[in-house]
Structure formats: structure tokens, C-alpha cells
Amino acid sequence: MTTDRVTPLIRGALKPTLAVAAVAIALSTVLAGTRGLAGAVLGALVVVSFSGGGLYSLRLVRQTYPEVVLMVAVASYFVRVLIFGGLLALLGSLEVVDVYVERMATSLTVIACVVAWCTGEIRAFVRMRVPLYDLDGRTTGTGATGSAEATESTGATGTAAVTPSIAPDDAPSGRSS
């Protein structure tokens, strides 16, 4: 059974981002009117769609090999950067955008939402408490006396494997006599 580790990240990142977006939209509307509203909504939608799209793509391949997950993560990031750069170039070159969108509201909303998204995602990951390693139920080590006796450990298959242990007195010193 595999554990879904992507959904808590999406939820953890989405909640603070939507809260920050709501505040940014309200402030932009008060300070810049409908153009500020349009700019803040555009900025929030860009951050949620781009950042959420990356995590959603990882969610689709979460049960495959780790190499595939890494490849999808890097590829989705690369594609998102290309699309985002193209979108910025397109919107930056069109003069008609200034009629409908307040650029300052858009940029400040994007910055605030990206910070909220990253903070929420990091907080959600830390709260997941993912172990760095897994011992798979195996135990190894020296005997109770620390002498050069063989210790027995049970692996994941339930069969006993004998591994020799070396006491400090029996360890090679590296000196020639």
C-alpha cells in the first residue's frame, strides 16, 4: 500500500495561498479599482494554476518508480517556467493589457501568493514527518557482551540471517607488527 504524499502538500499550500489571494484581491480592489481587481485575480490564478499543476502532475505518477517521479517533477518545472516566461513576454508586449489590468497589483499578488504557496507546502511537508530511511523491521548489531559472536537478525522475509559482529578488541588496527 502506498501513501498519497502529494494531496497533503496541495492542501497545505492551497489554504494559505487562497487566504493571501483574498487579502490581495481586496486590497487591490480598494486601492486600484476594477483594474486592481483584475490584476490581483490574474496573479492569484497564475500562481495557483502553475504551482498546483506541478504538484498535480506528481500526484498522477506517485505510484511509479522514483526515477519517473523525479523526471516528471523536473520536466513539469521546466514546462511551467517556459509557459510562464512566454505568458510574461506576451502580456508585457501588449499595450491593451494596461487598459484592463493594473500591473503592480498583478506583480505584488504573484509575489505574495508564491511566498504563501512555498511556505504552506514546506509546512505541510514538515508536518507529514516522512522518514529519511526505513529499516524494514531488520535489526543488526553486536551481541550483549560485545564479543566476536554471530548475531542473528530477521529480514523482511521472516528468515533468519547470520551476520558476524566484530568486537572492538578483534577489529583490525591497521598496524603491522
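# Exercises on a predicted model

Of the protein's 177 residues, 23% count as buried. The model is predicted.

**Exercise 1.** State how many helices and strands the protein has, and give their order along the sequence.

*Solution.* Step 1: the secondary structure amounts to four helices and two strands. Step 2: along the sequence the pattern reads α-α-α-α-β-β.

**Exercise 2.** Find the salt bridges of the structure and give the atom distance in each.

*Solution.* Step 1: a search of the whole structure gives two salt bridges. Step 2: one of them joins the side chains of R35 and E102, at 3.1 Å from N to O. R35 belongs to helix α1 (residues 7-60), while E102 sits in the loop between α3 (97-100) and α4 (103-128). The two residues are 67 residues apart, and the pair links distant parts of the chain. Step 3: R103 forms a salt bridge with D98, and here the closest N and O atoms are 2.5 Å apart. Step 4: a salt bridge requires a side-chain nitrogen of Lys or Arg within 4 Å of a carboxyl oxygen of Asp or Glu. The R35 and E102 pair, at 3.1 Å, is a salt bridge, and so is the pair of R103 and D98, at 2.5 Å.

**Exercise 3.** Classify R35, E102, R103 and D98 as buried, partly exposed or exposed.

*Solution.* Step 1: buried means under 20% relative accessible area, exposed means over 50%, and partly exposed lies in between. Step 2: R35 has a relative accessible area of 32% and is partly exposed. E102, with 22%, is partly exposed. Step 3: R103 has 35% and is partly exposed. D98 counts as partly exposed at 29% relative accessibility.

**Exercise 4.** Describe the aromatic pair of the structure: its residues, its geometry and its place in the chain.

*Solution.* Step 1: the structure holds one aromatic pair. F50 and F84 form this pair, with 5.6 Å from centre to centre and 70° between the planes. Step 2: planes over 60 degrees apart count as edge-to-face, and the pair of F50 and F84 is edge-to-face. Step 3: F50 lies in helix α1 and F84 in helix α2 (residues 66-93), so the pair ties together parts that are 34 residues apart in sequence. Step 4: F50 is buried, with a relative accessible area of 16%, whereas F84 is partly exposed, with 29%.

**Exercise 5.** What share of the exposed area of the protein do carbon and sulfur atoms supply?

*Solution.* The protein exposes about 12500 Å². Carbon and sulfur atoms supply 67% of that area.

Methods
Residues numbered from 1 in each chain as written. Predicted model: local features only at pLDDT ≥ 70, side-chain atom pairs only at ≥ 80, totals over all residues. Heavy atoms only, no water. Buried < 20%, exposed > 50% of the residue type's maximum accessible area, 1.4 Å probe, protein only. Areas by Shrake-Rupley, 256 points an atom, 1.4 Å probe, with all protein chains shown as cover. Phe/Tyr/Trp six-rings, centres within 6.5 Å; stacked < 30°, edge-to-face > 60°.
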